[in-house]
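Student: I am new to this structure. Please pick a single part, look at it closely, and then place it in the wider picture.

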Amino acid sequence: MAVDLANIERAEVSSTGSPVIKIFLRHGSFIVSLLTILTLGLAWEFAKPLGIPGLLRVPSPSTIVTASAELLHSPTFWQACYKSTLRIIAGFSLAQIVGIPLGFVMATNRTIFNSAFPVAETLRPIPPVAWIPISIIFWPTREESTVFIVFLGAFWIVLLNTIGGVSTVDKVYSRAALSLGSNRWHMLRYIIFPAAMPSIVTGMVISMGICWEMVVAAEMIAGDTGLGYLLWQSFEINATAQVLVCMFAIGLAGFLSSAAIRKLGDLLTPWSKKD
Amino acid sequence: MDGALSIRNARKIYDAKTAKVLALENIDLEIAAGEFCVVVGPSGCGKTTLLNAIAGFDTLTSGSITLDGDPLASANACASPDARRIVVFQNGALFPWRTVLWNVTCGPVMQKRLKASEANAQAMELLARVGLLDSAAKFPGELSGGQRRRVEIVRALINQPKVLLLDEPFRALDALTKNVMQEYLIELLTFVPKTVFFITHDLEEAIFLGDKVFVFSSRPAKIRQSLTIDIPKPRRHDVLTSPRFLEYKSMLSGAIHEEALRAFTIGEKELA
């Protein structure tokens with residue numbers, strides 16, 4: 001809606017307005033976002049001298065900038081980013097590799113669905129974080145248990161989205177395909193799989209967000225490296241600015257990885273952009 | 001030419017949870033090879049039920065349907081769907097995730113009747129005939145409603161079905177596009193003659209397209225009136241105002257209005 005309004009205004013004003021107005025209208029939404037962030041930053045910076053309660057113990061943005069400059073030069077930080085990213089990739093990929101085929105089988109085979117669904121519904125409500133102790137006992141290394149927690153976080157979402165996508169394929173498509181002479185393989189490959197793809201992609205995007213939540217939680221509790229571990233260590237040694245830098249780094253990493261998955265989703269569903 | 005469709009004593013009872021619903025009551029229809037048969041009736045009367053039985057999507061409770069003598073449906077049994085009878089669905093069933101060309105060629109290729117290259121050549125020829133050569137590489141979502149309907153009819157025809165089943169194919173189109181599509185269909189069928197079973201709500205569409213028009217009663221569907229339309233084909237839209245056309249319209253409109261009113265009063269909903 002906001003975009004529409006901006007477009008309408010642009011159309012009306014751009015022919016007559018001054019260059020500054022033109023630039024603003026063209027990049028309006030970007031400028032507004034930037035100004036908002038700047039204003040918030042400044043408010044934060046001056047909240048301390050002004051003595052606003054609550055923010056008194058939080059380091060100011062300038063301290064954070066200094067701390068991030070230091071942190072960005074230390075190999076520990078990059079090592080932590082690298083480790084967390086690897087765990088994300090492993091857990092997320094495993095969740096797709098196991099979740100998508102299992103979802104397919106469950107949605108297309110009643111017997112398997114009836115036997116697997118109650119088990120899934122019993123285990124699903126357990127928060128992945130609650131699995132951390134058992135995971136540490138079960139898996140031989142901390143690395144494996146962390147990846148397992150990340151996997152769990154993504155797995156349920158992938159599974160449910162795949163089941164949902166496959167079981168809601170419009171019967172008009174399968175009927176049309178049958179008339180056109182499709183066999184079971186054609187039906188799966190050309191009809192059900194692509195029809196379920198948008199829902200599977202949604203599962204991927206959501207589960208990527210959960211993966212970051214899980215990796216940070218698992219590293220905080222059970223890790224010996226990674227951004228979550230670094231964040232907790234910084235807290236323990238009272239380096240609050242460093243804690244905040246870690247938080248922003250995790251936020252940025254989550255944002256970038258979700259964007260990457262969305263891009264992947266666009267490649268997997270090229271038709272959906274063309275409606 | 002083959003494609004003679006014979007429907008005898010077709011009866012369908014739906015086993016709804018609360019009560020049994022009689023959808024079709026002793027329908028007898030004989031459609032000769034190459035004939036364009038139109039069924040008109042109020043919403044939810046059972047037209048689509050009959051079409052589903054011909055297509056192999058549903059069974060009959062009793063009675064039989066044969067195509068050139070081969071049984072398609074009998075009591076509680078039906079031959080599975082195949083390319084002998086292809087449906088063009090109400091809201092369209094082009095696969096949105098595949099290109100127009102893939103949609104058109106998938107039938108003969110999946111049936112292993114044609115190689116991909118042969119199917120492509122035939123598809124391009126048919127697409128050219130309906131003016132959609134440029135759209136072959138597009139996704140259905142990029143086409144207009146009228147273009148999609150044309151692709152879907154082409155997709156049906158390339159399979160050389162014995163009978164074409166059209167379930168209110170032009171329902172979602174605006175009135176002007178609908179008129180053009182009707183002319184397109186008639187023109188296409190002069191090139192590739194087919195037996196057609198066409199369902200509609202629209203009386204003018206029925207008379208304009210049909211060789212025979214059957215008026216179905218509100219549920220349970222019975223044949224309330226049947227009429228042979230004796231206007232030579234190919235028909236153009238100017239026949240809509242011709243005295244003979246208007247005469248046919250007045251012969252049928254009374255019965256249709258009465259049935260629509262009955263369905264309206266009962267509050268019929270579509271079952272299948």
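Tutor: Start with a definition. Two strands pair if DSSP finds at least two bridges between them. Keep in mind too that this is a predicted model.

The part to look at is strand S10 of chain B, residues 212-216. Of its 5 residues, 4 are buried. Strand S10(B) is therefore largely enclosed by the rest of the structure. For a residue, buried means that 20 or more other C-beta atoms lie within 10 Å of its own.

Now for the partners. Strand S3 of chain B, residues 36-40, pairs with S10(B) in the parallel sense. That pairing holds 4 bridges. One place to find it is B:Val39, whose bridge partner in S10(B) is B:Phe214. Strand S11 of chain B, residues 223-228, also joins S10(B). Here the two strands run antiparallel, over 5 bridges. Look for B:Val213, which stands opposite B:Leu227 in S11(B). The chain gets from S10(B) to S11(B) by a hairpin, and 6 residues make the link.

A general point helps when you look at any of these strands. In a regular strand, side chains alternate between the two faces of the sheet.

Step back to the whole sheet. It is open and has 6 strands, in the order S7-S8-S9-S3-S10-S11 of chain B. Its pairing is mixed. At the edges stand S7(B), residues 85-88, and S11(B). Each has a single partner strand, so one side of each is left without a neighbour in the sheet. From one strand to the next, the twist averages 15 degrees.

Follow the order to the S7 end. S7(B) runs parallel to strand S8 of chain B, residues 163-167, and 4 bridges join them. In this pair, B:Ile86 stands opposite B:Leu164 of S8(B).

Return to S10(B) and find what lies over it. Helix H7 of chain B, residues 243-266, lies across S3, S10 and S11 of that chain. Helix H7(B) runs at about 165 degrees to S11(B).

Chain B has another sheet to trace. This one is also open, with 5 strands in the order S2-S1-S4-S5-S6. Its pairing is antiparallel. The edges are S2(B), residues 20-31, and S6(B), residues 77-78. Each of these has a single partner strand, so one side of each lacks a neighbour in the sheet. Strand S1 of chain B, residues 5-15, pairs with S2(B) in the antiparallel sense over 8 bridges. One of those pairings sets B:Asp15 in S1(B) with B:Lys20 in S2(B).

Next come the domains. In chain B, domain 1 covers 5-84 and 161-266, and domain 2 covers 96-160. Their C-alpha centres lie 25 Å apart. Domain 1 of chain B brings 15 residues to the contact, and domain 2 of chain B brings 13. Helix H5 of chain B, residues 175-191, gives the most to the domain 1 side, with 7 residues. That side of domain 1 of chain B divides into 14 nonpolar residues, 1 polar and no charged.

Last, look across to chain A. In all, 15 residues of chain A are in contact with 21 residues of chain B. On the chain A side, the elements that give two or more residues are helix H9 (171-179) and helix H10 (184-222). H9(A) supplies the largest share, 6 residues. The chain A side holds 8 nonpolar, 4 polar and 3 charged residues.

Chain A itself has 12 helices and 0 strands. Its domain assignment gives domain 1 (2-51) and domain 2 (65-274). Their centres, taken over C-alpha atoms, are separated by 35 Å. The radius of gyration of chain A is 24 Å, where a compact globule of 275 residues would have one near 19 Å. The C-alpha trace of chain A spans about 70 × 65 × 30 Å along its principal axes. Buried residues make up 29% of chain A.

How values were computed:
Residues are numbered from 1 along each chain as its sequence is written. Chains are lettered from A and ligands numbered from 1 in the order in which they are written. This is a predicted model: local features need pLDDT of at least 70, side-chain atom pairs count only at pLDDT 80 or more; totals for chains, interfaces and linings use all residues. A residue is buried if 20 or more other C-beta atoms lie within 10 Å of its own, exposed if 12 or fewer, and partly exposed in between; C-beta atoms are placed from the backbone. Axes are lines fitted to C-alpha atoms, for helices over the stretch in contact, and angles run from 0 to 180 degrees between N-to-C directions. Two residues are in contact if their C-beta atoms, placed from the backbone, lie within 7 Å. Domain bounds come from an automatic or database domain assignment. Ala, Val, Leu, Ile, Met, Phe, Trp, Tyr, Cys and Pro count as nonpolar, Asp, Glu, Lys and Arg as charged, and the others, Gly among them, as polar. The radius of gyration is taken over C-alpha atoms; the globule rule is 2.2 Å times the number of residues to the power 0.38.
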